[in-house]
Amino acid sequence: MIRRWPYVALTAVVAVAVAIWAIPELDQRAFFGYVPTNATPTMLPSLSLDTRVLPDSAKVMLLAAGVTLLVQVYSTAYMGKDRRYRSYALLIVLFLVAMIAVVATDNLFVLLIGWEVMGVCSYLLIGHWWEQPQSRAGAMKALVVTRFGDLGLLVAIVVIGQTYGTYSITGAWVGAADQGQQHGTAIGLLVLLAVVGKSAQVPLQTWLPDAMPGPTPITALIHAATMVAAGVYVFARLLPLYGNDTTVMTALAVVSGVTMLLAALFALVQHDLKRALAWSTVSQLAYMFAAIAAGAADVGISHLVSHGAYKALLFLGCGVVMHAVGTSALSAMGGLRTTLPATFWTMTIGFAALAGIIPTVGFFTKDRVLESIHVATHGETPLPGGVAWALLVVAYVTVFVTAAYAMRLWMLTFLGLPSKQHVEPPSMTWPLVALGVACLALSIGEPLDLDTAALSTLVALAGIAFAWWRQDADLPGPVQRPLAAELGLDHPITRLIPAGTIGVARVADAADREGIDVYPRGGAVLAGLVSSAVRALQTGRVQVYASVIAVGAFVVVLVGVIAR
Amino acid sequence: MSIPIDWATAGPAVIVATSALVALMVDAFWPRRSWFASSLPLLAGLVGGFVELGRTGSVDDVSAALTFVILAGTVLVLVGATVMSDEDSMPPGELHLLLGSAASGALVMVAARDLVTLIVAIELLALPSIALIGLRQGDRRGIASSWTFFLTSVVSTAVTLMGVALLYGSTGTLTYAGLSRELVDPAVPDAVVAVAVVLTLVGLLFKLGAVPFHAWVPDTYRGASVVIAGFLASVSKAGALGALLVLLAIGLSPVDDVWVPVIAVVATASMTLGNLAALRERDGVGMLAWSSVAQAGFLVAPATAVLTAEGLSAPLQYLAVYALANLVGFTALAVVLRTRGSTSYDTLTGLARSEPWLGVPLAFVALTLAGFPPAVIGLVTKYVVLRPVVDDGLTWLAVVMAVNVMLGLAYYLRLVVVLVSRPADEPDGITSRPAAPTGLATAAVAVGTAALVVLSVLPGLLIDHLP
């Protein structure tokens, strides 16, 4: 029997520490309201443990700590019988610590370290059941794709250091405030590459749905609180270094617009609950990026927090469902309304929040995203007005699609006739209840813009009606088939790149073996020969030794005289 | 004529030498001839040396630090030597007399500030060492080693004496201070001084076991008792290195253009040949012997930068860690030799599993000498000796050192692998293990290893407290 509660207790200690640390920072001013006071940037190169927790950082930290704690509690039931529970639970704690490091640090290299540790943790956790080939493949894909993006972050850090002469984020902010944003395009596009990889945006989106063979609590953790959220957060955190750059903001708007719609459409045609939820994460992350592109980083972070709550709820609920029916295929579900009542009610809240139905928190934060894009269409932000308009239209279309797929998933999972009895372990349901309450409670005090609210509610209702009308029927064939194949966007990543890489690797390997290896092998042989020669001189004959000393002294004197 | 005696300089050496004589007397006249009767006086003398050092200090901080290293090393050797306390062929009184005399020789060596004292100190260290190597009665191999050491030692001392004579002839002074004054004089013939300086250094390089004056090292270390080999590798070397550093930094500082290339070449040759020879070694003591030749190179390499700010402290810090690690290693091997009858790699296989209190320290020592984490202190000191060399502009020497660190990894890590791998065939139980008094030596190993571990966690303890 594995003792499971120590790991929960450990997570709880970390979470409480984070709460004590972060809560006092909540009521300070937000990212852009921050005025740097001590303008003493540390000089190159530096690796410091300085932290700087801003209000938005505090929110993200609280979200990460809370979701991780709930996931850890939930895992005692979901993964309790697992042989490798111990490493699993400890990796979750490490994941949280890395996330806190990324969020709280003021040093770019510490940020990079946390970022990479998260990458490794996600690799290990997605591949937790490494006996299954698709687990291994998914984990490997997550690692390789995000690593590709990480390259962008590394180069961006070097560029920031060279530009502003410091690796402190605050120091760079001060520099950017004093001398204007320099090399903003380069830094912005490099950071964008990094977060596109980490947050699974087009064109590096494919790893997130393929990470589904991992344990479902891990999926909740990655999708809601840590990994993908880190991408959004880091982009917002570094925004003062490139926020005025039109190129970066336009690129971000295009990426987010394409991603939100495509991913929502992919979610609409899935036959697998978990994979559909994964695509929905991709789509929702694009909303956050859209808000940042519109110049409203705080709104993006708000949506990040609200999404974290309801997506954790949905994935954990999905885990209960999978635990009950034994698969994540939608065809095996249906009628779970009566057999899994707690899951049904909480997931209903979650789906409502996803679809943006009042009074859930998803409604309010999504409306603020739409509103901020609308404000950007006035042309007062770096984002060109035309791009903002296009983004706004795409966002409203995505509201429709999102409501449609949320409704469809809800119906296929819970409505219909009950098949047989299932059980909900209490340690799995009470995290759900906690998250469900959070989805409602977080909306208290949220501002409301009536025009946007009315319009988005109408669009969402239209989407729900559409889903009700289609019931479980697929879309028409010419639309359904390419969408179900995810437009073949994965093709270059799974086919062409590996084929090219393998070709290059073969050539490099041959060159290495035939050409370069000659030197180390020759070196080893030479070392061996010299070794034998030196040892051959150790004859034990003292005359030889004395001669060696005399000759040596002579040689050394020669060196001394000649070198002089 | 009264000769003023600077007790701050001579104090510890006199106390240790006196206690060595007391040890011999006790052994000679105590009716029940026992090991501890003669080792305790020497131990008391060493403690007295510490007290004296703490009370009066030494000539300068460098000599004080070296004195500390020598005293501490001798204490470890003394405790480690108890592993031989039940051997009839090892006379305790003589052993402790010679050990104390040699240690006081090393102490005088690092405090010497003129060439005559230096020569006397070299002999005071060398002659007891010769006897120590061949002390075990009836051990032909030990006597042969002793003979080897004697002859090579005589040759090198003769060379040094020639150098000293030349120096005296050309400058008319024997004190370090006088040398540094006179050598700037342009009237002194350059070529003669160059030859004289290099010849003077030979004796000290011989004691250090640096190539090309290393030939005695492997034979002697294998022939002597393992604990005595540890003494030669740490205490004796500490004395020689200290004397070398002080001589270069004070006495010969005006003629650094002569000795810097010599030291650099000797360091290169020592590191490279020592490491290459150690690659083929399949015996614990033999490996440590060749490794000590290579380490001599690392010890003298930063001496090329001895006139810079960090020049003196870098080799000191390296020496302290090296001496401690080597003593722990030799003492552990001495215990293994007593209990298992051999120190070959075949015997050592799986030692960290079967006897972790010996095998794990040995592995940690190998990692320290290699400069490989988790033995962080080894890595730190490797960095410490590389830095002044780079700062001084001898980049090629730094590259050679880096390559040699890599070469060293090959055989140090092999020893670690041997220690932790599973034995091919399980030895058939604890069949005929001779009951040897290994308790104190094992405790010394444990204490030494603990010190290394503490230093690895808090390298600042060493870096901040040595000058």
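Modeller: Let's settle one term first: a helix here is a DSSP run of H or I with at least four residues, while a strand is an E run with at least two. By that count chain B holds 20 helices and zero strands, and chain A holds 23 helices and zero strands. Bear in mind that this is a predicted model.

Colleague: How do you know how much of each chain is buried?

Modeller: A residue counts as buried if 20 or more other C-beta atoms lie within 10 Å of its own. Buried residues make up 52% of the 564 residues in chain A, and in chain B they make up 60% of 467.

Colleague: Fine. What makes Leu161(B) buried, exposed or partly exposed?

Modeller: Leu161(B) sits in helix α6 (residues 140–171) of chain B. It has 16 other C-beta atoms within 10 Å. Buried takes 20 or more and exposed takes 12 or fewer, so 16 lands in between and Leu161(B) is called partly exposed. As for where it lies, Leu161(B) is 41 residues from Val202(B) in sequence, and their C-alpha atoms are 9.7 Å apart in space.

Colleague: What share of the contacts inside each chain joins residues at least 24 apart?

Modeller: If you take contacts with a separation of 6 or more, 84% of those in chain A are between residues 24 or more positions apart. For chain B the share is 78%.

Colleague: On to chain A. Why are α2(A) and α13(A) called roughly parallel?

Modeller: The axes of α2 (residues 55–78) and α13 (residues 297–325) of chain A come within 10 Å and cross at roughly 5°. Angles under 35 degrees count as roughly parallel, so this pair gets that label.

Colleague: Which residues meet there?

Modeller: From α2(A), they include Val60(A), Leu63(A) and Tyr74(A), and from α13(A), Ile301(A), Gly308(A) and His323(A) are among them. The residues of that contact divide into 11 nonpolar, three polar and three charged.

Colleague: What does UniProt list for residues 57–88 of chain A?

Modeller: An unreviewed UniProt entry lists them as "domain: NADH-Ubiquinone oxidoreductase (complex I) chain 5 N-terminal". In the model this stretch is 81% helix and 0% strand, with its end C-alpha atoms 26 Å apart.

Colleague: What makes the span of α16(A) close to the expected one?

Modeller: Helix α16 (residues 361–376) of chain A has 16 residues, and its first and last C-alpha atoms are 23 Å apart. The expected span at 1.5 Å a residue is 22 Å, and 23 Å is close to that. Helix α18 (residues 426–441) of chain A, with 16 residues, reaches 22 Å against an expected 22 Å.

Colleague: And why is α16(A) called mostly covered?

Modeller: Of its 16 residues, 14 are buried. That is, each of those 14 reaches the mark of 20 or more other C-beta atoms within 10 Å, so "mostly covered" fits α16(A).

Colleague: What do the buried residues of α18(A) pack against?

Modeller: They pack against α2, α13, α15 (341–355) and α16 of chain A. Among the buried ones in α18(A) are Met428(A), Leu432(A) and Cys439(A).

Colleague: Last one: which element gives the most to the side of chain A that touches chain B?

Modeller: Overall, 24 residues of chain A are in contact with 33 residues of chain B. Two elements of chain A give two or more residues to that side, α22 (518–536) and α23 (542–563). Helix α23(A) gives the most, with 15 residues. By class, this side of chain A has 16 nonpolar, six polar and two charged residues.

Note on methods. Residues numbered from 1 in each chain as written. Chains lettered and ligands numbered in written order. Predicted model: local features only at pLDDT ≥ 70, side-chain atom pairs only at ≥ 80, totals over all residues. Contact = placed C-beta atoms within 7 Å. Nonpolar A, V, L, I, M, F, W, Y, C, P; charged D, E, K, R; others polar. Axes fitted to C-alpha atoms, helices over the stretch in contact; angles between N-to-C directions. Parallel < 35°, antiparallel > 145°, perpendicular 65-115°, else oblique. Expected span 1.5 Å × (residues − 1). UniProt positions renumbered as here; feature names shortened; annotations may be inferred.
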